[in-house]
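Start with the overall fold, then move to one pocket. Keep the model open while reading.

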Amino acid sequence: MKKFIHILILYVIAFMGAANAADAIVIDGGSNKAISIAVVPFGDSGAPDIATLVGNDLYNTGIFEPLPRQNMLSTPHRPNEVAFRDWSAVNAQFLLIGNASNVGGKIQVQYYLYNVASQQQIFTGTAVGSPNQTRKLAHYVADQVFEKLTAIKGAFSTKLLYVTSAGNNSYTLQMSDYDGANSVTLLNSKEPILSPRFSPDNRKVVYVSFESKRPRIYMQDIATGTRDQLTNYVGLNSAPSWSPDGQRLAFVSSKDGNPEIYTMRLDSKLVHRLTNNNAIDTEPFWSKDGRSIYFTSDRSGSPQIYKINVATGSTERVTSTGNYNANPKLSADDGMLVMVHRQDGYRNFVIATQNLVTNRVSILSNTNLDESPTIAPNGTMVIYATRKQGKGVLMLASINGRVRIELPIDNGDIREPSWSPFIK
């Protein structure tokens with residue numbers, strides 16, 4: 001089993017990019033097959049279909065391909081009901097079974113994961129929640145299965161921020177499950193809301209609001225709704241980004257005449273100017289160790305991504321493929337850049353990744369006018385905004401390019417997605 005997991009990790013890493021090409025390429029689903037897993041409908045007593053949610057979560061990563069239910073030869077719910085020949089016959093590599101029962105008003109989920117080839121149980125677990133937490137239970141089970149099979153922490157229990165516009169000067173800031181379900185409204189406004197971001201501990205959000213008719217940065221406590229206006233400088237105040245330790249905020253201001261990157265200590269509100277260039281510097285994003293900030297600048301004549309050392313101010317250009325690269329986000333290990341990208345000779349703006357070791361650029365999206373990429377905290381999925389039939393929608397793409405789906409959010413014109421850190 002350990003050998004298999006080692007091979008699986010290499011398989012995942014290989015998908016996450018390792019080549020030496022300098023030009024952008026298009027990933028059209030990959031040549032290697034996803035790993036087949038049978039997620040059998042759980043035996044239940046009134047609980048919604050948890051197995052469907054678990055299968056959807058695993059599929060969204062592009063690493064797993066859940067077996068269609070019509071291909072299942074049996075539907076075991078308990079270990080003594082498993083016949084491995086049924087799963088070998090349909091080429092399932094792994095098998096997940098389980099059952100959900102109502103115990104004293106709580107939903108209790110018992111689940112079992114098997115390696116079909118070795119006919120061994122990999123692990124079993126139990127999850128308990130209230131009847132209105134079945135989606136949360138399903139995401140939890142999916143997290144456990146994903147981590148057991150890939151050695152990568154699952155990100156299905158995380159949250160998503162996004163902004164809706166219903167016309168007639170009606171804007172809302174929404175928080176939902178990562179897949180767009182269970183949304184709650186954090187803020188209603190008659191003026192635009194931009195750039196929402198979770199704090200590292202998921203207790204607060206920052207965003208730009210035009211409620212004073214000018215862009216200003218606000219911080220809001222998620223539980224209480226208490227708000228604090230952080231900036232009120234003349235001109236532009238935008239693109240807030242939390243430092244990894246949650247003690248500082250990077251943002252853009254034109255208070256000194258030109259859009260530059262600044263940092264603010266949240267305890268003292270002390271502000272420090274980081275960039276000093278005649279070009280437009282914007283969209284800061286912190287590195288994992290908090291020592292560097294990636295940002296967009298047109299100092300070379302077109303928008304490209306740069307990296308600045310917070311302590312010394314030394315700056316280096318990061319992107320060179322394509323005539324437009326902007327809105328940088330980093331994978332959890334800082335090994336991959338996700339960005340809005342335009343290839344030379346094209347007009348479409350797409351979402352692309354750049355391996356920061358090899359500098360290989362890979363295109364993830366197949367629409368145009370794509371914007372605002374945000375990456376799952378485990379680096380396996382990206383959500384971005386795009387246009388469909390004249391309306392803003394959110395798309396989810398696996399980082400290996402195999403999966404692209406529209407999030408089922410029917411809530412007006414949707415933009416500005418932002419993925420939460422892991423929920424602790």
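How many helices and strands does the chain have? This is a predicted model, and its chain has four helices and 31 strands. The radius of gyration is 23 Å, and the globule rule gives 22 Å for 424 residues. Those values are close, so the chain is as compact as a globular protein of that length. Along the principal axes, the C-alpha atoms fill a box of roughly 70 × 50 × 40 Å.

Next, the packing. Of the 424 residues in the chain, 53% are buried. Take the contacts with a separation of 6 or more: 42% of them join residues 24 or more positions apart.

Now confidence. The mean pLDDT of the chain is 91. A value of 70 or more is reached by 92% of the residues. Residues 1–31 are another matter: pLDDT stays under 50 there. For this stretch the model has 52 contacts beyond four places in sequence.

Turn to the second largest pocket. It holds about 690 Å³ of space. Which residues lie nearest its centre? They are Ser-195, Thr-282, Glu-283, Tyr-324 and Asn-327, out of 34 that line the pocket. By type, the lining of this pocket divides into 17 nonpolar, nine polar and eight charged residues.

Strands supply part of that lining. At least two residues each come from β11 (193–198), β15 (237–242), β19 (281–286), β20 (292–297), β23 (324–330), β27 (371–375) and β31 (413–419).

Definitions and conventions:
Residues numbered from 1 in each chain as written. Predicted model: local features only at pLDDT ≥ 70, side-chain atom pairs only at ≥ 80, totals over all residues. Heavy atoms only, no water. 1 Å grid on protein atoms, 1.4 Å probe; cavity = no way out; pocket = protein on both sides within 12 Å on 5 of 7 lines; lining within 4 Å. Points joined across faces, edges and corners; volume = space filled by probe spheres on them. Nonpolar A, V, L, I, M, F, W, Y, C, P; charged D, E, K, R; others polar. pLDDT = per-residue confidence, 0-100. Contact = heavy atoms within 4.5 Å. Rg over C-alpha atoms; globule rule 2.2 N^0.38 Å. Buried < 20%, exposed > 50% of the residue type's maximum accessible area, 1.4 Å probe, protein only.
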